[in-house]
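Colleague: I am new to this structure and would like to go through its charged side-chain contacts with you, one question at a time.

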Amino acid sequence: MSRESGPRSAGRVPRAFLDRPVTEVAPQLLGAVLVRNTPEGVMAVRLTEVEAYGGGDDPGSHSYRGRTARNASMFGPPGHAYVYFTYGMWHCLNIVCGPAGHPSGVLLRAGEVVEGEDLAVRRRPRARAGRDLARGPARLATALGVDRALDGTDVCGGGAEGGDPSPLELWRAPEPPDPDTVRRGPRTGVGGAGADRPWRFWIDGDPTVSPYRAHQPRRRPGSGRGVDTAPPSP
């Protein structure tokens with residue numbers, strides 16, 4: 001498959017597209033394709049479910065209490081990956097949005113593997129069906145082989161000229177979903193003041209969309225506040 005065909009037929013997502021309010025960007029990323037380039041081969045996932053997270057005005061966000069070493073990538077510039085480690089087990093992947101210095105990001109909750117399924121199966125051997133390979137944020141990151149080493153990766157700029165491609169590339173939706181099929185509702189696992197914000201967006205009826213789970217109080221003291229507070233499970 002050529003670099004400009006199939007999942008990549010619509011071209012790259014430009015940085016300016018992401019340099020907007022996160023609640024505008026998030027639903028428009030549905031149907032977009034995230035490409036993962038690895039030494040073992042290329043993978044691509046069509047996004048079917050996402051969540052928006054703001055900054056200082058969003059109690060559900062990792063950046064709510066300010067900048068730290070962990071969340072520094074959320075502060076921009078837009079078009080970079082923010083990868084975090086949760087529950088001491090799993091990684092989750094976000095796309096940073098909005099102007100630099102104003103943290104916000106889109107959590108990639110679920111998608112359909114449209115290229116490199118064999119690689120995804122190697123990383124997710126417990127998946128019972130193809131629809132489950134990237135059905136949930138931790139599963140998506142696991143299937144793509146994403147960890148903290150990719151935090152801060154530029155998903156818009158690609159690799160160096162004449163060199164290897166970027167490990168992560170974000171491409172426009174080759175076939176955007178019908179607007180009538182896009183749904184929105186509360187974010188999964190977010191409690192407190194951010195619980196009622198309808199900032200989760202998904203393609204209705206798509207089998208790869210993850211099940212909604214309401215917030216469950218944490219049992220471990222000192223675990224803090226964060227994106228996707230319900231424990232994901234590959």
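**Salt bridges, buried and partly exposed**

Modeller: Please keep in mind that this is a predicted model. As a starting point, Glu-24 has 37% relative accessibility and therefore counts as partly exposed.

Colleague: Which residue forms a salt bridge with Glu-24?

Modeller: A salt bridge needs a side-chain nitrogen of Lys or Arg within 4 Å of a carboxyl oxygen of Asp or Glu. The closest N and O atoms of the pair in question are 3.6 Å apart, and the partner of Glu-24 is Arg-20.

Colleague: How many residues apart in sequence are the parts that Glu-49 and Arg-200 tie together?

Modeller: Glu-49 and Arg-200 form a salt bridge whose closest N and O atoms are 2.8 Å apart. Because Glu-49 lies in strand β2 (residues 41–53) and Arg-200 in strand β8 (residues 200–203), the separation of the parts they tie together is 151 residues.

Colleague: Is Arg-200 buried or exposed?

Modeller: Buried means under 20% relative accessible area. Its partner Glu-49, at 0% relative accessibility, counts as buried. Since the relative accessibility of Arg-200 is 5%, Arg-200 likewise counts as buried.

Colleague: Where does Asp-58 lie, given that it is linked with Arg-187?

Modeller: The side chains of Arg-187 and Asp-58 meet in a salt bridge, at 2.8 Å from N to O. The pair links distant parts of the chain, 129 residues apart, with Arg-187 in the loop between β7 (182–185) and β8, while Asp-58 is in the loop between β2 and β3 (81–86).

Colleague: How many salt bridges does the count come to?

Modeller: Some of them share partners, and in this way Glu-49, Glu-51, Arg-109 and Arg-200 are joined into one network. With the 4 Å rule applied, the count of salt bridges comes to 17.

Conventions
Residues are numbered from 1 along each chain as its sequence is written. This is a predicted model: local features need pLDDT of at least 70, side-chain atom pairs count only at pLDDT 80 or more; totals for chains, interfaces and linings use all residues. Side-chain values use heavy atoms; hydrogens and water are left out. Buried means under 20% relative accessible area, exposed over 50%, partly exposed in between (1.4 Å probe, protein chains only). Helices (H or I, at least four residues) and strands (E, at least two) are DSSP runs, numbered from the N terminus.
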